[in-house]
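Student: I would like a close look at one part of this structure, namely the packing of two helices against each other. Please set that part in the context of the whole chain.

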Amino acid sequence: MLPVPVVLDARPGNLLKQTGCERSKESCSKQCLRARIMMAAQAAYYSSLRGLLKSVGRMSKGVRIGLQYGFDSGESLDYVYEDVAHGKTVLSRQLDRFYLNAIGWQAMRERRVNLQKALRETVLLQNYYKEPSRIVDIASGPSRYVLSTIVGLPELNIIAQLRDMDDDGLEQGRNLAQRMNVSNVEYVHGDAFDEQSLSELDPRPNIAIASGVYELFSDNKLIASSLRGLSKSLCDGGYLVYTNQPSHPQLELIARVLTKRNGNPWEMRCRTQSEIDSLVEASGFEKVSMVEDSLGISTVSVARKKRAA
Ligand SMILES: C[S@@+](CC[C@H](N)C(=O)[O-])C[C@H]1O[C@@H](n2cnc3c(N)ncnc32)[C@H](O)[C@@H]1O
């Protein structure tokens, strides 16, 4: 079996070299040569898609946002949540609609609905027990789902700290909060994997959200330190709302065509549900519920911090 590099460099002359086979074309077996040609054809295909995205694709506003901020950014997600095709011409609006209709984005919109529902139910439960909700979202982007939850429960006492590493996404969130007339939230720069800073959150939250962020990192040690930090700062009996992406039909396409903010390929990490659940449980939580989208791409789970014995 040939090792498959995640991203092939399709520049002429590089294609065959990158298949991992070191033999010359002449000494290669037929099978190996076929595989090399196949990989070269794939690389050329993805290279032309990247070219199209950066040329014609720019007619779509969603693609322009992705190219500027990263397709995995809070800004991109917020545009996807709005789900309104933009453009001055019919063609640009159609291209934008084509982009917004991608299966992965459909799943993200379902995930947002599921997340908001889980959040609303958790806040209502706390309110039932006369406990005001203090939310922290550790990689919030503009966090439209938290703002919408607050707007939908005007009579309740909810505060939220919305944290992210991307200052543009935070600024977009501040503007969105203003437009939605939500004042009891603060947008704060913070690292979702910094155990120390998460363990010192002030005020101590009783709901923590990790949405769409663990999926971006393959190293479970990072996820574990984030969860440990949250477990330390959450009040006993507090809730963790977390997402997971057990599978995605376009992982390779995304990794080879779309980029993150820093220009690197957007490589996502699918985890089995039991893998992420074990990490959550190992940090002192007990799973309470889970909802999956209709496409089988994303889940939203709620876990409760176990009370100290
Ligand atoms: C896919 S978006 C999800 C945004 C939002 N939570 C949602 O579900 O719509 C991923 C977010 O994670 C943020 N992010 C990535 N690495 C981070 C880190 N180390 N600390 C905090 N935020 C991070 C990005 O800036 C981006 O806003």
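**Two helices in their setting**

Tutor: The model is a predicted one, and its domain assignment divides the chain into domain 1 (1-54) and domain 2 (104-305). Between these domains, 6 residues of domain 1 are in contact with 5 residues of domain 2. The side of domain 1 that touches domain 2 consists of 5 nonpolar residues and 1 charged residue, with no polar ones.

The part requested is the pair formed by helix H5 (residues 103-128) and helix H6 (residues 144-152). Two packed helices are described by the angle between their axes and by the distance between those axes. For H5 and H6, the axes come within 10 Å and cross at roughly 45°. An angle between 35 and 65 degrees counts as oblique, and H5 is therefore oblique to H6. The handedness of this crossing is right-handed.

On the H5 side, the contact is made by Arg 112, Leu 115, Gln 116, Leu 119, Arg 120 and Val 123. H6 contributes Tyr 145, Ser 148, Thr 149 and Gly 152. Sorted by class, the contact of H5 with H6 comprises 4 nonpolar, 4 polar and 2 charged residues.

The surroundings of the ligand complete the picture. Around the ligand there are 18 residues, of which Gly 74, Ala 139, Ala 192, Ser 211 and Gly 212 come nearest. The residues of this shell divide into 7 nonpolar, 7 polar and 4 charged.

Notes: Residues numbered from 1 in each chain as written. Predicted model: local features only at pLDDT ≥ 70, side-chain atom pairs only at ≥ 80, totals over all residues. Domains from an automatic or database assignment. Contact = placed C-beta atoms within 7 Å. Nonpolar A, V, L, I, M, F, W, Y, C, P; charged D, E, K, R; others polar. Near = placed C-beta within 6 Å. Axes fitted to C-alpha atoms, helices over the stretch in contact; angles between N-to-C directions. Helix = DSSP H or I, 4+ residues; strand = E, 2+ residues; numbered from the N terminus. Parallel < 35°, antiparallel > 145°, perpendicular 65-115°, else oblique. Left-handed = near helix turned anticlockwise from the far one by under 90°.
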